[in-house]
There are 2 protein chains.
Amino acid sequence: MAAQRSRRRIPEATVARLPVYLRILGEQFEIGVANISSEELAELAGVNAAKVRKDLSYLGSYGTRGVGYDVEFLVYQIRRELGLTHDWPVVIVGAGNLGQALAGYNGFGDRGFPVGGIVDIDDSKVGSVVGGVRVRHLDEIKQVVQARNISIGVIATPGAAAQDAADSLVAAGVTSILNFTPTVINVPHGISVGKVDLAVELQILAYHEQRRANAAQGSVMQSLSGLLIPGESRRGASA
Amino acid sequence: MAAQRSRRRIPEATVARLPVYLRILGEQFEIGVANISSEELAELAGVNAAKVRKDLSYLGSYGTRGVGYDVEFLVYQIRRELGLTHDWPVVIVGAGNLGQALAGYNGFGDRGFPVGGIVDIDDSKVGSVVGGVRVRHLDEIKQVVQARNISIGVIATPGAAAQDAADSLVAAGVTSILNFTPTVINVPHGISVGKVDLAVELQILAYHEQRRANAAQGSVMQSLSGLLIPGESRRGASA
DNA sequence: AAACGTTTGTGCACGTTTTCACAAAGCCAG
DNA sequence: CTGGCTTTGTGAAAACGTGCACAAACGTTT
């Protein structure tokens with residue numbers, strides 16, 4: 001049967017964890033671990049073992065009862081499911097502080113997302129080389145995208161320019177966008193959008209800090225209202 | 001009554017959205033908008049209006065029926081609830097590519113998280129200045145943290161050094177950590193951890209891309225198995 | 001002061017995600 | 001080849017998050 005691909009739809013929450021498993025499994029394979037149980041993998045990923053098993057079960061029944069999972073095979077299966085069997089070059093819009101940092105950050109290329117192009121609207125930046133790639137003008141984005149068959153774009157402009165950048169990316173034929181600005185962007189139906197807002201992550205931490213501070217002095221103050229602030233939370237992956 | 005603070009516990013999903021509302025409300029206030037309805041705010045934030053109202057209801061009943069919310073007052077309330085009434089200086093561990101980029105990125109300081117210190121284990125980096133702050137040695141982290149009363153640490157080291165960095169941060173007295181490495185770190189109970197893995201976000205997008213690709217050619221192939229791949233998803237905020 | 005249009009705050013139903021718990025399945029020893 | 005130990009895969013329950021729908025509350029107009 002040719003029908004091995006695209007089985008049942010994988011829940012979004014699981015999709016967000018598969019990359020974490022993938023990374024851990026890769027590391028384990030490197031150091032010679034050939035087999036791993038859901039319990040061990042869960043420990044390393046910082047999650048519940050049952051969750052690991054259910055997540056992996058969406059890929060198919062690739063474990064062996066009483067034994068565990070073959071690390072190498074599992075790596076292959078996750079890569080296949082996530083579409084990581086080949087590289088996905090990305091185009092970065094914005095060659096400012098953040099754009100340069102992303103271009104120079106090896107973590108992208110190392111994990112299958114080489115920088116296939118950088119564009120900026122500012123002529124004074126065009127022509128310079130960051131991360132080994134020459135900056136081109138925003139007007140040339142379509143050529144850049146098509147020449148290397150790029151389908152993922154990264155927005156690293158100032159917030160005010162984010163929507164324009166998104167529009168340019170869509171017009172150039174990109175179908176997935178990772179937005180590093182704090183601005184919410186609108187895109188046509190059918191385009192996937194991911195968002196990373198560095199300040200938001202810090203603000204969430206600030207909330208927990210402030211809560212801790214209140215709780216500390218609260219043990220006395222709160223006794224009046226009868227409220228009691230419980231233990232502490234933990235936060236996991238990016239999402 | 002003195003008991004105005006720390007009412008019922010706010011759901012994590014709501015905490016993750018409050019910074020988005022905060023940013024939008026700030027912008028609206030800047031351009032002279034004094035009042036806003038849940039409908040308008042929802043539109044700008046790209047979410048459902050009922051969700052906005054429910055989120056805001058955790059802060060208290062600060063809206064006026066038939067009118068909407070007072071923008072300035074709402075900004076104040078969200079800032080208070082998130083603990084953003086004062087700055088939270090952060091210490092960055094790792095002055096490499098990523099650490100330098102973060103230190104130079106204005107988005108941190110602008111939103112209340114000034115870089116209070118940068119440390120690195122590599123002597124050759126110590127003494128250089130990035131983002132206006134002089135890099136100090138990892139051994140001095142405790143002095144850096146205590147001198148400026150820092151409670152938030154940012155890990156921007158290579159993945160292999162992440163756990164050491166976390167240990168150093170905890171030992172220095174930091175109680176919240178934002179981890180930019182792909183490595184899962186273990187911390188004592190009571191320490192909050194946030195994680196941003198740039199590659200994971202791209203891998204999630206790759207999954208959607210690959211799914212789209214399969215669906216495109218699948219219309220013929222899948223007719224055999226009777227499977228049909230539905231429309232398309234959308235992804236929102238960071239976490 | 002009543003009638004009207006608007007918008008909040010929230011009960012309820014629904015969908016998704018997590019966790020529990022255990023039968024089925026494999027390996028190994030004797 | 002039987003019995004015991006281990007670990008998977010998955011139903012079912014619980015917890016959580018989302019969106020609808022509507023009563024209650026407010027301002028305005030007559």
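**Entry 1: the largest cavity**

Which element gives the largest share of the lining of the largest cavity? I looked this up and found that H5(A) gives it, with three residues. I note that this is a predicted model, in which local features need pLDDT of at least 70 and side-chain atom pairs count only at pLDDT 80 or more, while totals for chains, interfaces and linings use all residues. Residues are numbered from 1 along each chain as its sequence is written, chains are lettered from A and ligands numbered from 1 in the order in which they are written, and side-chain values use heavy atoms, with hydrogens and water left out.

I counted as a cavity a set of points, on a 1 Å grid over the protein atoms alone, where a 1.4 Å probe fits but cannot get out, and as lining the residues with an atom within 4 Å of a point. The structure holds four cavities of 30 Å³ or more, and the largest has about 50 Å³ of space, a volume being the space filled by probe spheres set on the points, which are joined across faces, edges and corners. Among the residues that line the largest cavity I found Phe180(A), Leu198(A), Phe180(B) and Leu198(B). The lining residues divide into nine nonpolar, no polar and no charged, where Ala, Val, Leu, Ile, Met, Phe, Trp, Tyr, Cys and Pro count as nonpolar, Asp, Glu, Lys and Arg as charged, and the others, Gly among them, as polar.

**Entry 2: DNA strand C**

I next looked up the 25 residues around DNA strand C, of which Arg17(A), Arg65(A), Ser38(B), Gly66(B) and Tyr69(B) come nearest; a residue is near a strand if one of its heavy atoms lies within 4 Å of it. For polar contacts (pairs of N or O atoms within 3.5 Å), I noted that a polar side-chain atom of Ser38(B) lies 2.6 Å from a phosphate oxygen of strand C, and that a side-chain N or O atom of Lys54(B) is 3.2 Å from a base oxygen of this strand. H3(A) gives the largest share of the surface near strand C, four residues.

**Entry 3: DNA strand D**

DNA strand D is surrounded by 25 residues, and the closest are Ser38(A), Tyr69(A), Lys51(B), Lys54(B) and Arg65(B). Sugar and phosphate account for 64% of the atoms of strand D that come within 4 Å of the protein. I found an N or O atom in the side chain of Arg65(B) 2.8 Å from a base nitrogen of strand D, whereas a polar side-chain atom of Arg65(A) lies 2.9 Å from a sugar or linking oxygen of strand D.

Conventions. 1 Å grid on protein atoms, 1.4 Å probe; cavity = no way out; pocket = protein on both sides within 12 Å on 5 of 7 lines; lining within 4 Å. Helix = DSSP H or I, 4+ residues; strand = E, 2+ residues; numbered from the N terminus. Polar contact = N/O pair within 3.5 Å; in protein donor to acceptor, adjacent residues only side chain to side chain.
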